[in-house]
Amino acid sequence: MTDATHAPARSGNPESGKLRVARLLRAGALLIAGFAIAFTAPLHADAAFDRWMFAVTLLAIGVTTTLEFFALRSTPASGLVAVRAAVALIAAAAVLASGSAPDTSLVISAWAAASVVIAVVRVTRGSQARAVAVPSALLSGLLAVLVLMFRDDLIAVIGFFGAYAIVRGVFLGISAFDTREVAPSEGNATEPGADAFAPAH
């Protein structure tokens, strides 16, 4: 009975629908970038091409994350989502400004590490479901470590980045249909994993 009551409430909430669209758009951007990187492998020897691929992907992530912010702007999660969007946009500009493979790698690794921190903070605050935050943190953490290990080899770095984009896009697309962490207001936050659209008791 409880699930039957909660399901209509969640599906009928406009914020849930907006969040789903925003996540699907971000998932689509990641998947497109990942496959674009995979199918342009012969061009990866050109460092300038690689930097543009990084920058365009990070820009797309920043823009689509901004859309997620607007879907969550009335919830406790909105602040950290805004930070995540800003970090991606700053990283896009920093990649284009970088002049060497190690510098570019450092930017990508710093962006990935920031994503880990944001995911961990969100899940500990209860503003994001563990099923969404844990894959994000693990994949971003792995990317950060691999990029640092191969920081002098931009071809390897963009390969890792492309693989990350595809896997992350798949997980994000799945998570688009789980919007439990959306809270109706700052003053009515939910417990971690709770249904934010459940009727108040």
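In which helix is the place of Ser109? Ser109 sits in helix α5, and this report returns to that residue after an outline of the chain. The structure is a predicted model, in which local features need pLDDT of at least 70, side-chain atom pairs count only at pLDDT 80 or more, and totals for chains, interfaces and linings use all residues. Residues are numbered from 1 along each chain as its sequence is written, and side-chain values use heavy atoms, with hydrogens and water left out.

**Overall layout**

The chain has 7 helices and 0 strands. Helices (H or I, at least four residues) and strands (E, at least two) are DSSP runs, numbered from the N terminus. Along the sequence the pattern reads α-α-α-α-α-α-α. Of the 201 residues in the chain, 46% are buried. Buried means under 20% relative accessible area, exposed over 50%, and partly exposed in between, with a 1.4 Å probe and protein chains only. The chain exposes about 9,300 Å², of which carbon and sulfur atoms supply 72%; such areas come from the Shrake-Rupley method with a 1.4 Å probe, and for residues only the protein chains shown count as cover.

A contact means heavy atoms within 4.5 Å. Among contacts in the chain with a separation of 6 or more, 75% are between residues 24 or more positions apart.

**Confidence**

pLDDT is the predictor's confidence in each residue, from 0 to 100. Its mean over the chain is 82, and 81% of the residues reach 70 or more. Confidence is lowest in helix α1 (residues 2-11), with a mean of 41, and highest in α4, with 95. Over residues 1-12 the pLDDT is below 50, and this stretch has 9 contacts in the model beyond near neighbours in sequence. Residues 182-201 also have a pLDDT below 50, with 44 contacts beyond near neighbours in sequence. Where pLDDT is low, the predicted coordinates should not be read in detail.

**Helix spans**

The expected span of a helix is 1.5 Å times one less than its number of residues. The table sets this value beside the span between the end C-alpha atoms.

| Helix | Length | Span in the model | Expected span |
|---|---|---|---|
| α3 | 26 residues | 37 Å | 38 Å |
| α4 | 20 residues | 29 Å | 28 Å |
| α6 | 20 residues | 28 Å | 28 Å |

At the start of α3, a side-chain oxygen of Asp46 comes to within 3.0 Å of the backbone nitrogen of Ala48. Trp52 also lies in α3. Trp52 counts as exposed because its relative accessible area is 53%. Its C-alpha is 8.8 Å from that of Ala92, although the two residues are 40 apart in sequence.

**The nonpolar cores**

A nonpolar core is a set of buried Ala, Val, Leu, Ile, Met, Phe, Trp, Tyr and Cys residues joined through side-chain atoms within 4.5 Å. The largest one has 27 residues, and those with the most contacts inside it include Phe54, Leu58, Trp111 and Phe161. Helices α2, α3, α4, α5, α6 and α7 each supply at least two residues of this core. Helix α7 gives the most, with 7 residues. A second, separate core of 5 residues includes Leu19, Ala71, Leu72 and Ala77.

Leaving out residues up to four places away in sequence, Trp111 touches Leu58, Ile61, Val87, Ala88, Ala91, Leu143, Phe161 and Tyr164. One of these, Ala88, is found in helix α4. Ala88 is buried because its relative accessible area is 0%. With the same sequence neighbours left out, Ala88 touches Leu58, Ile61, Gly62 and Trp111. Other buried residues of α4 include Leu80, Val81, Arg84 and Val95.

**Two further buried residues**

His44 lies in the loop between α2 and α3. It counts as buried because its relative accessibility is 7%. Beyond its neighbours within four places in sequence, His44 is in contact with Ile37, Phe49, Asp50, Ile155 and Ile158.

Ser109 is likewise buried, because its relative accessible area is 5%. Not counting residues up to four places away in sequence, Ser109 touches Ala144, Val147 and Leu148. A polar atom of the Ser109 side chain lies 3.1 Å from the backbone oxygen of Ala144. Ser109 and Ser140 are 31 residues apart along the chain, and their C-alpha atoms are separated by 8.7 Å. In α6, the buried residues include Ser140, Ala144 and Val147.

How values were computed. A polar contact is a pair of N or O atoms within 3.5 Å; within protein, one must be able to donate a hydrogen and the other to accept it, and residues adjacent in sequence count only if both atoms are side-chain atoms.
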